[in-house]
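These are my notebook entries on a single protein chain. I set down what I looked up, in the order in which I looked.

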Amino acid sequence: MHGTTPHAIERPYDGCGKCLLGVRRLSRVKLATSSPERQREDVLTAAASVGAHIIGWADDWEVSGATDPVSRPKLGPWLRDEKGPCDGLVAAAVDRLGRNVVDCLNTGYKMRDEKKTLVTYGHDGPWELDDPADENRFSAAHRSNVGA
C-alpha cells in the first residue's frame, strides 16, 4: 500500500462509520496464491480505497471454505454481534467470505440489511446488493475465484 501508514489503516473502533473488520480465510495456510500476507495487503488496499480503516481481523486459518461464515471461529462471533461494533467487512476476495454462493450472499445480505459496508479487493467501492447488476457481479466474482 503506497502512501498509507499502517496506523492510518489499522486503528480501534472510533464510530466514524468506516470501521471495518478485515476478513481472511485459508483452508491450508501454505497456499502461496492466497497467503496471509497477500490477503492482508489486499484487505488493507481495499479498505483504503473506500476511506475506511481496519478495527480488527477475523483470521480463520485452517478453516474450510465450506464452513458457514456464522460458524467460523473468528468471523462467526462478529457476525453474531458478540465482539463489539463494526461498520462492515472487508475481504481480499468474495470467496474468502465462503465457498458457496449461498453463504456469500447470506453474509452480503446480512451486511446490506444491517446497513453495513461490504468491500472486497478488486471491486470498485462497496458492494450494493440492492442493485441487481451488482448482486450479479458479486455472484460472478465468487464463482470466478472459487478454487483459486
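Entry 1. The sheet.
In what order do the strands of the open sheet stand, and with what pairing? I worked from a predicted model. I find four strands in the order β2-β1-β3-β4, paired in parallel. β2 and β4 (117-120) are the edge strands; each has a single partner, so one side of each lacks a neighbour in the sheet. From one strand to the next I note an average twist of 20°.

I then looked at the pairing of β3 with β4, which is parallel and runs over four bridges. Gly 88 is placed opposite Thr 117 of β4. Helix α2, residues 36-49, packs on this sheet and touches β1, β2, β3 and β4. The direction of α2 makes about 155° with that of β1.

Entry 2. The whole chain.
I counted five helices and four strands. Along the sequence they follow the pattern α-β-α-β-α-β-α-β-α. The protein has 148 residues, of which 45% count as buried. I also looked up the contacts between residues at least 6 apart in sequence: 69% of them join residues at least 24 apart.

Entry 3. The nonpolar cores.
Which residues touch the most other members of the largest nonpolar core? That core has 21 residues, and the ones I sought are Leu 21, Leu 75, Leu 89, Leu 97, Leu 118, Trp 127 and Phe 138. At least two core residues come from each of β1 (19-26), β2, α3, β3 (88-91), α4 (101-113) and α5 (132-145). A second core, separate from this one, has 12 residues, among them Val 43, Val 50, Ala 52 and Ile 54.

I followed Leu 21 further. Beyond its neighbours within four places in sequence, its contacts include Ile 55, Trp 57, Leu 75, Trp 78, Cys 86 and Leu 89.

Entry 4. The aromatic pair.
How many aromatic pairs does the count give? I obtained one. Trp 127 and Phe 138 form this pair, with 5.0 Å from centre to centre and 80° between the planes. The arrangement is edge-to-face because the angle is over 60 degrees. Trp 127 lies in the loop between β4 and α5, whereas Phe 138 lies in helix α5, 11 residues apart. Trp 127 has a relative accessible area of 8% and is therefore buried. Phe 138, at 1%, is buried as well.

Entry 5. Arg 72.
Is Arg 72 buried or exposed? I had located Arg 72 in the loop between β2 (53-61) and α3 (75-79). Its relative accessibility is 1%, so Arg 72 counts as buried. Its side chain reaches the backbone oxygen of Arg 96 at 3.2 Å. Leaving out neighbours within four places in sequence, I list among its contacts Val 23, Arg 24, Arg 25, Asp 60, Arg 96, Leu 97 and Gly 98. Leu 97 thus appears twice in my notes: as a contact of Arg 72 and in the largest nonpolar core.

Entry 6. Positive phi values.
Where does Glu 62 lie? I placed Glu 62 in the loop between β2 and α3. Glu 62 is not a glycine, yet its phi is positive, at about 60°. With 54% relative accessibility, Glu 62 counts as exposed. I noted Asp 81 too, which is likewise not a glycine and has a positive phi near 60°. Asp 81 lies in the loop between α3 and β3.

Note on methods. Residues numbered from 1 in each chain as written. Predicted model: local features only at pLDDT ≥ 70, side-chain atom pairs only at ≥ 80, totals over all residues. Heavy atoms only, no water. Buried < 20%, exposed > 50% of the residue type's maximum accessible area, 1.4 Å probe, protein only. Polar contact = N/O pair within 3.5 Å; in protein donor to acceptor, adjacent residues only side chain to side chain. Contact = heavy atoms within 4.5 Å. Core = buried A, V, L, I, M, F, W, Y, C linked by side-chain atoms within 4.5 Å. Pairing = 2+ DSSP bridges. Axes fitted to C-alpha atoms, helices over the stretch in contact; angles between N-to-C directions. Phe/Tyr/Trp six-rings, centres within 6.5 Å; stacked < 30°, edge-to-face > 60°.
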